[in-house]
Amino acid sequence: MDFDAASATHRACSTSISLTLHWSSLPQNTNNLRQPHAEYRDVKLSLPTRLPSSFLKRSPVPRQKMHSRISSSDVLPQVSLDISVDERTAGDRPEKAQSPLLTNVASSNKPKDGERVGVLLLNLGGPESLEDVQPFLFNLFADPDIIRLPRLFRFLQRPLAQFISTLRAPKSAEGYAAIGGGSPLRQMTAEQADALSLALKGKNLPAKVYVGMRYWHPFTEEAISQIKSDGITRLVVLPLYPQFSISTSGSSLRLLENIFREDEYLVNMQHTVIPSWYQREGYVQAMANLIEKEVYKFEKPEEVHIFFSAHGVPVTYVEDAGDPYKAEMEECVELIMNAVKDRGINCQHTLAYQSRVGPVEWLKPYTDVTIRELGKCGIKNLLAVPVSFVSEHIETLEEIDMEYRQLALESGIKNWGRVPALGCEPTFIADLADAVIEALPYVGAMAVSNLEARQSLVPLGSVEELLATYDALRRELPAPVSLWEWGWTKSAETWNGRAAMLAVLLLLVLEVTTGQGVLHQWGILPPIN
Ligand SMILES: C=CC1=C(C)c2cc3[nH]c(cc4nc(cc5[nH]c(cc1n2)c(C)c5CCC(=O)O)C(CCC(=O)O)=C4C)c(C)c3C=C
Ligand SMILES: [Fe+2]
């Protein structure tokens, strides 16, 4: 068996941990474990000790090494693993598109008497009416994971959020008006929660599923107080973002960390977090299902160009703060395309990033620029695939379906299609249920021992451990959102934006310290007594 981790040893042996990985939970790209002629079911790994926390820090570990698991001697100089493998032949292997019922709660993981299992779905939230738009934007911009001010200026976070949200609200409201006057997120997430709860029940795990939104109702705080009053004892935290970003799952987990820290009940509640799940077989197959269906709606399916459009983040998040979002996104698209090709669909594909705001540089290539280029290259059939989010929202319904569709047609693309968001797609929901069941043994346990979790760029863990594994320094990042924009070139815009930002900050400092100025006149800042 080609499993080089087996030879490593660790000096400071103390506790012993036993893991059981179900074969279906192994990601596709774990070449070390998935051999062409054999499948490993119930791979039992005994770790003799807690792995060094430095292993969890992403920065010193090149990405390829994360993916060759613990084979690297420079990451784990001396770890010894006892591995017993129940090897089965390919004939024993269940069909690739697994039955959702295959993963069931092992009797050892079943909630014991008096135990109550909860699942907390974390999501962004969206305004439900046009009046909600400005306060929703205020909550978003008041988030230090969206606008991270220099330490000295942190006290300006809320006035600045008030300022920016007031400026942006009319443009955002236009978008929400175009999709019926509000975001469908609350409704869709509630449906996903119900579907997940049913799927868990079907898999023998009675669990209550809660929804905690970051920027709008039902707020995470509301979900947490419900969790407390329901007396939940074991909680699995599941952000509804397939890929991890500091600005999304990271922000929600940061909030959760603060809530947990201040509450005695929560501090003692056993919990674990599934930080990202883009590499799960069920999710990947569900995406491939949707793509396959849409590809065959085109007259010439073989000529379709599959165009993945992900929500962007500012480049600094990835380059300065170590956000794994871009790497996870690229890997995710690769996995989905492999699954699509396995179905005999050999279309070309592209990944681009949408929804940038403000003068700073965002992840490239940009969706709008790429659509124009594809048009110029003679692409006639384009299938857009939103890939960073699992519900319909303003950026699928307005930006993709209206703006980008129009742009594509103007750029020479003749036939346009769009893959719907996953919503309650059965394979997807079944896979989320499996993810919860697989995470259960690690509730309250030392999640660093989860080999499978380490496969992902952000490992499974408790909120606190997890947040320590990325962005630990919480570097200051330039605000992604423009306060002001003018100029003719990109660089002029950037510098003008920065100068304007400084000017506005200065203005705000003066306002806050003197208690006088336009913002006070508008009632945006409270009067100083
Ligand atoms: C994975 C998804 C998302 C990432 C990454 C993300 C980063 C990010 N977003 C903004 C600014 C805005 N986002 C807005 C809405 C919005 N964002 C996401 C997802 C991600 N954001 C969703 C699903 C939604 C829509 C919610 C809904 O109501 O349907 C908005 C408001 C809309 C608008 O005015 O365009 C803003 C603003 C930043 C700055 C950022 C990274 C730093
Ligand atoms: Fe966003």
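Before I start, a word on how I will name things: helices, which are H or I runs of at least four residues, and strands, which are E runs of at least two, are taken from DSSP and numbered from the N terminus. With that numbering I can say, for instance, that P365 is found in the loop between strand 9 and helix 11, the helix that covers residues 367-376. Please also keep in mind throughout that what we are looking at is a predicted model.

Let me stay with P365 for a moment, and ask which form the peptide bond from K364 to P365 takes, cis or trans. In this model that bond is cis, with omega near 0°. There is also a cis peptide bond from H217 to P218, where omega is near -10°, and P218 has its place in the loop between strand 5, residues 207-213, and helix 5, residues 220-229. One further backbone detail concerns N204, which has a positive phi of about 75° although it is not a glycine, and which sits in the loop between helix 4, residues 185-202, and strand 5.

Strand 5 brings me to the sheets. As a reminder, the strands of a sheet pair through backbone hydrogen bonds, and they can do so either parallel or antiparallel.

In what order do the strands of the open sheet that includes strand 5 stand, and is their pairing parallel or antiparallel? This sheet has 4 strands in the order 5-4-6-7, and the pairing is parallel. Its edges are strand 5 and strand 7, the latter covering residues 270-273, and each of these two pairs on one side only. Neighbouring strands here are turned by 20° against each other on average, if we ignore direction. To look at one pair in detail, strand 4, residues 117-123, runs parallel to strand 5 and is joined to that strand over 7 bridges, with V119 having V209 of strand 5 as its bridge partner.

Another open sheet of 4 strands follows the order 9-8-10-11, again with parallel pairing. Strand 9, residues 348-354, and strand 11 each have a single partner strand because they stand at the edges, so one side of each is left without a neighbour in the sheet. From one strand to the next, the twist averages 25°.

Within that sheet, strand 8, residues 304-311, and strand 10 pair in the parallel sense over 6 bridges, and you can find H305 opposite L382 of strand 10. Strand 10, residues 381-386, also pairs in parallel with strand 11, residues 415-418, over 4 bridges, where L383 has G417 in strand 11 as its bridge partner. If you trace the chain through this region, strand 10, helix 12 and strand 11 make up a right-handed β-α-β unit.

Helix 12 leads us to the ligand. Which helices each supply at least two residues of the shell around ligand 1? They are helix 2 (133-141), helix 3 (157-178), helix 6 (246-261) and helix 12 (394-410), and helix 2 gives the most, with 4 residues. Altogether 30 residues surround ligand 1, and the closest are R168, S172, Y176, S183 and H311. Sorted by class, the shell has 18 nonpolar, 10 polar and 2 charged residues.

Finally, the polar contacts, which you can look for in the structure yourselves. The side chain of S172 places an N or O atom 2.3 Å from an oxygen atom of ligand 1, and for the side chain of S183 the corresponding distance to a ligand oxygen is 2.9 Å. H311 has a polar side-chain atom 3.0 Å from a nitrogen atom of ligand 1. How much of ligand 1 does the protein bury? Taken alone, ligand 1 exposes 800 Å², and the protein buries 97% of that.

Notes
Residues numbered from 1 in each chain as written. Chains lettered and ligands numbered in written order. Predicted model: local features only at pLDDT ≥ 70, side-chain atom pairs only at ≥ 80, totals over all residues. Heavy atoms only, no water. Near = heavy atom within 4 Å. Polar contact = N/O pair within 3.5 Å; in protein donor to acceptor, adjacent residues only side chain to side chain. Areas by Shrake-Rupley, 256 points an atom, 1.4 Å probe, with all protein chains shown as cover. Nonpolar A, V, L, I, M, F, W, Y, C, P; charged D, E, K, R; others polar. Pairing = 2+ DSSP bridges. Right-handed = clockwise from strand over helix to strand, strands pointing away. Axes fitted to C-alpha atoms, helices over the stretch in contact; angles between N-to-C directions.
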